Amino acid sequence: MIRVGIIGLGFMGGVHLRNWQAVDGADVVAVCDANPITGAAKQGNIDASSDQLDLEGVAIYTDVAEMLAHENLDVVSIALPTHLHKAVSIQCLQAGVHVLCEKPMALSVADCDAMIAAASAAGKHLMVAHCIRFWPEYVWVKKAVESGEYGSVIAADFSRLTDAPAWADDSWLADPAKSGGIALDLHIHDLDFIQYLFGTPTTIRSVGIGHVQTQVDYGDGRAITATASWAMPRSFGFQMSFKIIFETAALVFDGSALKVYPSEGEPFTPEVAAGDGYKGEIEYFSGLLAGTNTKIIIPPEQARESVRMALETITP
Ligand SMILES: NC(=O)c1ccc[n+]([C@@H]2O[C@H](COP(=O)([O-])OP(=O)(O)OC[C@H]3O[C@@H](n4cnc5c(N)ncnc54)[C@H](O)[C@@H]3O)[C@@H](O)[C@H]2O)c1
């Protein structure tokens with residue numbers, strides 16, 4: 001059994017808890033949160049959590065060092081406010097524990113470097129939870145790009161729209177010194193996926209504050225763009241979507257269904273895997289620890305590159 005601890009039991013901590021508890025061969029033995037744990041799941045921008053957390057038989061801590069000292073953990077999920085990712089990841093790695101850390105990896109490239117060095121010194125896995133790499137419709141796109149089934153990509157546009165975040169009790173998310181603002185908190189999802197598909201870009205240009213449009217340039221004429229918004233009216237809710245134009249087809253995801261428009265033949269909706277990216281990333285990471293997965297899907301160096309790309313969007 002893989003012994004799992006969850007650090008930070010807010011919105012995403014609840015999502016990690018529920019998904020680890022669903023993994024055969026993993027046992028969530030402890031959670032740690034600086035604030036009182038009520039057992040009620042906190043809600044965020046995506047409806048990904050059940051109402052009530054199952055904490056039966058799970059030890060509860062308020063201090064990370066104490067949890068590490070008592071629980072003999074194999075792995076932790078770190079779902080703390082972003083400004084705490086670096087220090088707590090390093091603390092856990094140095095204690096000999098594998099780390100699955102929420103995105104963004106950290107607030108600066110230098111902090112990411114320190115985390116990578118700690119993982120390497122400890123000989124432990126450090127994975128940043130870029131859930132979009134595991135989101136079924138995006139997984140389908142990655143395969144279509146790699147297989148070349150529809151030719152090369154001519155253009156791609158990714159979008160992630162919602163209202164200004166208000167779900168964190170202490171408003172850490174609204175403080176760019178703690179969250180990195182829209183670039184590191186929201187936009188990074190699509191920038192990371194663009195990097196996953198196409199590699200490191202030559203230049204990045206952005207306009208907008210609160211509603212950011214970014215051109216990710218590979219210097220080869222492809223039009224690759226991404227938009228992130230915290231400026232939508234609350235009544236809009238949350239939507240992630242994309243349009244990818246290949247030589248012989250367009251793939252369109254409207255937030256609920258993926259549709260393929262081939263240049264010849266009728267449009268169709270391909271079958272994608274069930275579940276969401278949170279389920280996918282945790283099943284994958286547990287497989288990595290168990291040795292049943294060996295391919296590294298999110299090298300920490302790529303998570304660092306995504307932080308660099310996101311920071312470029314706010315460089316004046
Ligand atoms: N992958 C995604 O789709 C996604 C979605 C939302 C948030 N996130 C990321 O997840 C992380 C957490 O975001 P959230 O929305 O869950 O935040 P949150 O505010 O809901 O939860 C953070 C939790 O950490 C606890 N905490 C704060 N300081 C602590 C400390 N020193 N020790 C122990 N516990 C402490 C808080 O009490 C709170 O329960 C952020 O990095 C965010 O960017 C990812």
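Which residues have the most contacts inside the largest nonpolar core? In this predicted model, they are W20, F158 and L251, within a core of 95 residues. The legends below start with that core and then turn to the strands and helices.

**View 1. The largest nonpolar core takes residues from two domains.** This core, with 95 residues, draws at least three residues from each of domain 1 (2–129) and domain 2 (132–313). Helix α7 (residues 181–198) gives the most to the core, with eight residues. In soluble globular proteins, nonpolar side chains tend to be buried together. A second, separate core has five residues, among them I182, L186, V212 and A228.

**View 2. The surroundings of F158, one of the residues with the most contacts inside the largest core.** Leaving aside residues up to four places away in sequence, F158 touches Y138, D190, F193, I194, L197, T225, A226, T227, S241, F242 and I244.

**View 3. Strand β1 (residues 2–7) pairs in parallel with β2 and with β4.** Five of the six residues of β1 are buried, so the strand is largely enclosed by the rest of the structure. Strand β2 (residues 26–32) runs parallel to β1, and six bridges join the two. Within this pairing, V4 stands opposite V28 of β2. Between these two strands the chain passes through helix α1 (residues 11–21), making a right-handed β-α-β crossover. Strand β4 (residues 75–78) is joined to β1 by four bridges, also in the parallel sense. Here G5 has V76 of β4 as its bridge partner.

**View 4. Strand β2 and its pairing with strand β3 (residues 59–61).** Six of the seven residues of β2 are buried, so β2 is largely enclosed by the rest of the structure. Three bridges hold the pairing of β2 and β3, which is parallel. A30 of β2 has A59 in β3 as its bridge partner.

**View 5. An open sheet of seven strands with mixed pairing.** The strand order is β8-β9-β10-β7-β11-β12-β13. At the edges are β8 (203–207) and β13 (258–262), each of which pairs on one side only. On average, neighbouring strands in this sheet are turned by 10 degrees against each other, direction ignored. Strands β7 (residues 153–161) and β11 (residues 239–246) run antiparallel and are joined by eight bridges. The bridge partner of A156 is I244, in β11.

**View 6. Helices α5 and α9 against strands of the seven-strand sheet.** Helix α5 (residues 136–147) packs on the sheet and touches β7, β11, β12 (249–253) and β13. The direction of α5 makes about 15 degrees with that of β11. Helix α9 (residues 300–313) lies across β8 and β9 (211–217). Relative to β8, helix α9 runs at about 45 degrees.

Conventions. Residues numbered from 1 in each chain as written. Predicted model: local features only at pLDDT ≥ 70, side-chain atom pairs only at ≥ 80, totals over all residues. Heavy atoms only, no water. Core = buried A, V, L, I, M, F, W, Y, C linked by side-chain atoms within 4.5 Å. Buried < 20%, exposed > 50% of the residue type's maximum accessible area, 1.4 Å probe, protein only. Domains from an automatic or database assignment. Contact = heavy atoms within 4.5 Å. Pairing = 2+ DSSP bridges. Right-handed = clockwise from strand over helix to strand, strands pointing away. Axes fitted to C-alpha atoms, helices over the stretch in contact; angles between N-to-C directions.
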